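Please look at the structure below before reading on, and keep it in view while you work through the report.

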Amino acid sequence: MFFLIGYMGSGKSTIAKELSTALNMEYIEMDETIEKDQQMSITEIFERYGEEYFRELETNLLKSFQGKKVISTGGGVILSRENQATLKNGTVIFLDASFDTIDDRLSNDSTRPLWTGNREGNRQRFNKRRPVYHGLADHIINVDKKDTDTIVAEIIHSLKS
């Protein structure tokens, strides 16, 4: 199993989908799966039930995975020690994007409940999570100013090394 981790907006969903094709493996996007299972958007889940409930859904889904899959995790999946231990059951690939890249990508995105108009608050959350991503990663791939094909090729090269 390959788990793609990284901050929201780092490209996990896009890269995981392409990587799964390149490796001929099943692709799973955790946020999409949760939305389908709950029949509501992540934003609605946060508004109705709160972040803690959403994190429980993430944990339960993460623990259910088996077999050869490429999994795009949610950006906050790494916040739980239980999830961190579960991620270690596979190969963890950190898509490392700078805060400026994330900010550029998400500046007009209103679908992410934890991305606010408060740039410094966003930066603080980003800076708090970044060392956790690094600590969990088996492979770190910088994604700044790179296209999807280049990133997927770098991941495959890294996996072969």
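The report turns to the sheet, then to a strand and a helix in it or on it, and lastly to the pocket.

## The sheet

In this predicted model, five strands form an open sheet in the order 2-3-1-4-5, and the pairing is parallel. Strand 2 and strand 5 (139–142) stand at the edges with a single partner strand each, so one side of each has no neighbour in the sheet. On average, neighbouring strands are turned by 20 degrees against each other, direction ignored.

As background, the strands of a sheet pair through backbone hydrogen bonds, in either a parallel or an antiparallel way.

## Strand 3 and its partners

Strand 3 is joined to strand 1 (residues 2–5) by three bridges, and Phe3 has Ile71 as its bridge partner in strand 3. Strand 2 (residues 26–29) pairs with strand 3 over four bridges, with Ser72 as the partner of Glu29.

Within strand 3 (residues 69–72), Lys69 and Ile71 point one way while Val70 and Ser72 point the other way, and all of them are buried.

## Strands 4 and 5, and helix 7

Strand 4 (residues 91–96) and strand 5 are parallel and pair over four bridges, and Asp96 has Asn142 in strand 5 as its bridge partner. Helix 7 (residues 119–136) packs on the sheet, where it touches strand 1, strand 4 and strand 5, and its direction makes about 140 degrees with that of strand 4.

## The largest pocket

The largest pocket has a volume of about 560 Å³ and is lined by 30 residues, of which Met8, Glu29, Asp31, Gly75 and Arg112 lie nearest its centre. Among the elements that give two or more residues to this lining are helix 1 (12–23) and helix 2 (30–38). The lining residues divide into six nonpolar, 13 polar and 11 charged.

Notes:
Residues numbered from 1 in each chain as written. Predicted model: local features only at pLDDT ≥ 70, side-chain atom pairs only at ≥ 80, totals over all residues. Heavy atoms only, no water. 1 Å grid on protein atoms, 1.4 Å probe; cavity = no way out; pocket = protein on both sides within 12 Å on 5 of 7 lines; lining within 4 Å. Points joined across faces, edges and corners; volume = space filled by probe spheres on them. Nonpolar A, V, L, I, M, F, W, Y, C, P; charged D, E, K, R; others polar. Buried < 20%, exposed > 50% of the residue type's maximum accessible area, 1.4 Å probe, protein only. Pairing = 2+ DSSP bridges. Axes fitted to C-alpha atoms, helices over the stretch in contact; angles between N-to-C directions. Contact = heavy atoms within 4.5 Å.
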